Amino acid sequence: MTNNPARPPRYAVAVEIPPGYHELPLTGIATAISAADPLLSQQTTGTLRESVPKTLGTLEFMLEALAKRNAVYCGIGTHRSADGHPVVSWLTISCLDAGAPRNPRLTLADIAQHKTRDEIGWRVEGVDVGERPLLFSEGIGHYPYPGLPALRKSDDAAHAYQMEAVIPSPDGTTVAVVEVATAEVDRGPEFGPMLFGMAASLEFVSSSTTTSLDL
């Protein structure tokens with residue numbers, strides 16, 4: 001997305017989070033994870049309890065990595081698919097520096113070239129939502145199967161459907177990235193309307209006014 005991920009973006013973002021999501025911490029992560037450990041252990045038994053430390057350790061690592069990459073929101077959502085099936089998803093919103101001012105469509109073109117070389121093998125498409133250009137991507141990621149006592153052992157990779165919208169600021173200096181992922185691969189495309197709704201409503205605001213989501 002940017003040649004310097006550590007450089008703060010010129011803008012922050014304002015967006016309304018859809019219902020069903022529970023926010024996870026991106027600051028004070030270690031403290032929040034430590035507080036959750038005894039609560040989860042008390043509410044679980046057997047192999048589920050044995051899985052708590054490793055699950056929380058993995059979650060802490062992931063949240064710390066997201067925070068370092070200027071994620072401004074991360075949440076886990078619970079939903080019902082079109083046929084009533086329960087679906088869990090992961091929503092992440094990041095705000096990233098994209099370099100010097102220029103046509104935002106050129107910013108998106110550079111990102112599209114980068115994504116076509118990604119291991120996931122994204123389907124990438126430039127679209128307009130109203131008068132706003134954005135880059136839409138979707139693909140299926142393959143990851144090592146989590147070695148948790150509560151899960152049946154498997155040598156197969158874990159699969160996740162991933163959908164992403166990259167929205168540039170009007171001056172092309174900043175991009176907002178809205179990402180949705182779910183292990184329910186066949187039901188992943190159902191999140192499309194939600195993703196485009198968020199992309200249409202997202203606003204860039206001066207970073208001197210706010211440094212995170214304005215909900």
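Buried here means under 20% relative accessible area. Keep that cut-off in mind for the views below, which come from a predicted model.

**View 1. The whole chain, for orientation.** The protein has 4 helices and 9 strands, and from the N terminus they come in the order β-β-α-α-β-β-α-β-β-β-β-α-β. Of its 215 residues, 40% count as buried. Among contacts with a separation of 6 or more, 68% link residues 24 or more positions apart. The accessible surface adds up to about 12,000 Å², with 55% of that belonging to carbon and sulfur atoms.

**View 2. Strand β8 and what surrounds it.** Zoom in on β8, residues 174-182. Here 7 of the 9 residues are buried, so the strand is largely enclosed by the rest of the structure. Strand β4 (residues 86-97) runs antiparallel to β8, joined to it by 9 bridges. One pair to pick out is serine 89, whose bridge partner in β8 is threonine 182.

**View 3. The β7-β8 hairpin.** Strand β7 covers residues 158-168 and pairs with β8 over 8 bridges, again in the antiparallel sense. Look for isoleucine 167, which sits opposite alanine 176 of β8. The hairpin has 5 residues between its strands, and glycine 172 takes a positive phi near 75° there.

**View 4. Aspartate 97 in strand β4.** Back on β4, this close-up shows aspartate 97, which lies in that strand. Its relative accessibility is 7%, so aspartate 97 counts as buried. The aspartate 97 side chain also reaches the backbone nitrogen of glycine 99, at 3.4 Å.

Conventions: Residues are numbered from 1 along each chain as its sequence is written. This is a predicted model: local features need pLDDT of at least 70, side-chain atom pairs count only at pLDDT 80 or more; totals for chains, interfaces and linings use all residues. Side-chain values use heavy atoms; hydrogens and water are left out. Buried means under 20% relative accessible area, exposed over 50%, partly exposed in between (1.4 Å probe, protein chains only). Helices (H or I, at least four residues) and strands (E, at least two) are DSSP runs, numbered from the N terminus. Two strands pair if DSSP finds at least two bridges between them. A polar contact is a pair of N or O atoms within 3.5 Å; within protein, one must be able to donate a hydrogen and the other to accept it, and residues adjacent in sequence count only if both atoms are side-chain atoms. Contact means heavy atoms within 4.5 Å. Accessible areas come from the Shrake-Rupley method with a 1.4 Å probe; for residues, only the protein chains shown count as cover.
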